[in-house]
Amino acid sequence: MRPTGSLHLGHYHGVLKNWVQLQYEYPCLFFVADWHALTTQYDDPQGIVDSTWEMVVDWLAAGVDPARATLFIQSQVPEHAELHLLLSMMVPLGWLERVPTYKDQQEKLENKDLSTYGFLGYPLLQSADILIYRADKVPVGEDQVPHIEFSREVARRFNHLYGREPGFADKAREAVKKLGSKRARRYEELRMRFQQQGEQAAVGQAHALLDEAHDLSHADRERLCGYLEGTGKMILVEPGALLTEASRMPGVDGQKMSKSYGNTITLREDATSVTQKIRRMPTDPARIRRTDVGDPDKCPVWQLHQVYSDAACQAWVQQGCRSAGIGCLDCKQPVIDAILREQAPMRERAQPFLDDPQLVRSIIADGNSKARHLARETMRDVRQAMGMDYR
């Protein structure tokens with residue numbers, strides 16, 4: 001996530017709520033994409049550092065747990081930049097120019113000079129961010145799926161160019177023997193099912209089989225993955241998109257919640273401010289007097305009820321609004337109560353980090369170290385594959 005300072009409820013419902021769930025299902029890495037912020041903020045980088053710390057506190061307030069996930073800052077793991085540089089040597093320029101968001105963002109940000117390599121190459125930096133951790137799942141919305149497919153193409157091209165080590169087939173066959181006779185037979189069966197019959201499910205079963213072989217070295221595991229699919233040594237893993245639902249969180253004006261619209265409620269905003277913002281929200285313009293009937297479908301407050309209210313409350317709103325049985329302030333109160341209930345544990349979780357900012361810095365320092373250890377392992381293999389290992 002790019003460092004943008006304090007996060008709002010749209011971030012929570014669109015991203016952070018999902019992160020909190022994922023950390024219980026997978027080993028997760030969540031990082032501050034401060035270099036990515038420079039792709040559009042290169043002429044005014046002031047404030048990125050302060051925004052970083054503010055944003056991390058919001059992550060922790062939302063329930064992201066550093067005991068379960070690795071939290072770090074992109075620029076503090078310089079291997080990201082090294083892999084980005086090496087990948088830029090072999091990725092065709094046309095691949096970057098055809099990324100769907102390239103021209104789209106240029107049009108949206110027409111007041112900015114985005115004729116820079118940083119902006120053109122940001123999908124490749126994004127690929128390096130993913131590939132350096134050999135991530136096989138990346139949580140994204142539908143609009144980001146093309147970026148994941150781009151990363152898959154980059155990994156595929158890299159493996160094709162550099163994954164053919166001398167004597168690969170012989171080394172792969174020796175690695176099969178290390179699985180033990182029972183697993184080896186099963187592996188060969190699955191390999192033949194995929195290569196001769198194109199049975200995609202066999203690939204997943206074979207990968208699961210390899211995951212059970214705990215004594216297998218990392219190099220042999222890569223060889224067997226490549227041997228399985230008829231390619232070379234799999235140095236970079238092709239990631240898959242883990243689709244997440246788009247946020248349905250509206251702003252206080254009924255538009256999508258966004259800082260650019262000035263319609264946000266921040267994660268830790270004080271109760272008085274939240275109450276005032278909701279109470280001042282526009283409602284159905286046809287409902288001028290208390291006795292006028294309304295239409296919830298024309299009221300921005302109804303959109304918030306769809307996020308926060310249960311079926312009984314929603315039925316109460318529909319009936320009360322359409323019959324003028326309730327006033328607009330009556331309708332808004334359950335939303336106010338629900339948002340304040342949601343925010344209360346966030347404020348509580350954030351307080352220790354606000355009282356002692358060093359706690360946040362310690363969490364990030366630990367995460368930086370863990371991430372760098374993983375990144376160094378990948379870069380060692382990348383350098384060796386490219387013949388750039390000078391040891």
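1. Let's start with one residue: D104 sits in helix α6, which covers residues 100-108. (Helices here are DSSP runs of H or I with at least four residues, strands are runs of E with at least two, and both are numbered from the N terminus.) D104 counts as partly exposed because its relative accessible area is 31%. The cut-offs are these: buried means under 20% relative accessible area, exposed means over 50%, and partly exposed is in between, using a 1.4 Å probe and protein chains only. D104 and R341 are 237 residues apart along the chain, and their C-alpha atoms are separated by 38 Å.

2. Before going on, a word about what you're looking at. This is a predicted model, so local features need pLDDT of at least 70 and side-chain atom pairs count only at pLDDT 80 or more, while totals for chains, interfaces and linings use all residues. Residues are numbered from 1 along each chain as its sequence is written, and side-chain values use heavy atoms, with hydrogens and water left out.

3. Now the whole chain. It has 18 helices and four strands, and its C-alpha trace spans about 85 × 45 × 45 Å along the principal axes. Of the 391 residues, 47% are buried. If you look at contacts with a separation of 6 or more, 75% of them are between residues 24 or more positions apart; a contact means heavy atoms within 4.5 Å.

4. What about the surface and the charges? The accessible surface comes to about 19,800 Å², and carbon and sulfur atoms account for 51% of that. (The areas come from the Shrake-Rupley method with a 1.4 Å probe, and for residues only the protein chains shown count as cover.) The chain carries 49 positive and 53 negative charges, and the mean positions of the two sets are 3 Å apart. Lys and Arg count as positive, Asp and Glu as negative, and His and the chain ends are not counted. Each charge is placed at NZ of Lys, CZ of Arg, CG of Asp or CD of Glu.

5. Have a look at V154, in helix α9 (residues 145-162). Is V154 buried or exposed? Buried, because its relative accessible area is 0%. Not counting residues up to four places away in sequence, V154 touches L87, M90, V91, W95, L124, S127 and L131. A219 is 65 residues from V154 in sequence, and the two are 20 Å apart in space, C-alpha to C-alpha.

6. On to empty space. Rolling a probe the size of a water molecule over the atoms shows where empty space is left. On a 1 Å grid over the protein atoms alone, a cavity is a set of points where a 1.4 Å probe fits but cannot get out; a pocket is an open set with protein on both sides within 12 Å along at least five of seven lines; and lining residues have an atom within 4 Å of a point. Grid points are joined across faces, edges and corners, and a volume is the space filled by probe spheres set on the points.

7. The second largest pocket holds about 310 Å³ of space. Its lining includes H13, K17, N18, T244, R248 and V307. Helix α1 (residues 9-22) gives the most to this lining, with five residues. T244 lies in the loop between β4 (240-243) and α14 (271-279), and it counts as buried because its relative accessibility is 18%. Leaving out residues up to four places away in sequence, T244 touches N18, P139, V140 and G141.

8. Just before α1 you'll find H8. At 6% relative accessibility, H8 is buried. Beyond residues up to four places away in sequence, H8 touches M257, S258, K259, T264, I265, T266 and L267.

9. How many cavities of 30 Å³ or more does the structure hold? One. The largest cavity has about 90 Å³ of space, and among its lining residues are T283, D284, W302, C321 and C328. The elements that give two or more residues to this lining are α16 (311-323) and α17 (328-355).

10. Finally, two backbone oddities to check. Most residues other than glycine have a negative phi. R134 is not a glycine, yet its phi is positive, at about 50°. R134 lies in the loop between α8 (122-131) and β3 (137-140) and is buried at 16% relative accessibility. A324, also not a glycine, has a positive phi near 60°. A324 sits in the loop between α16 and α17, and it counts as buried because its relative accessible area is 13%.
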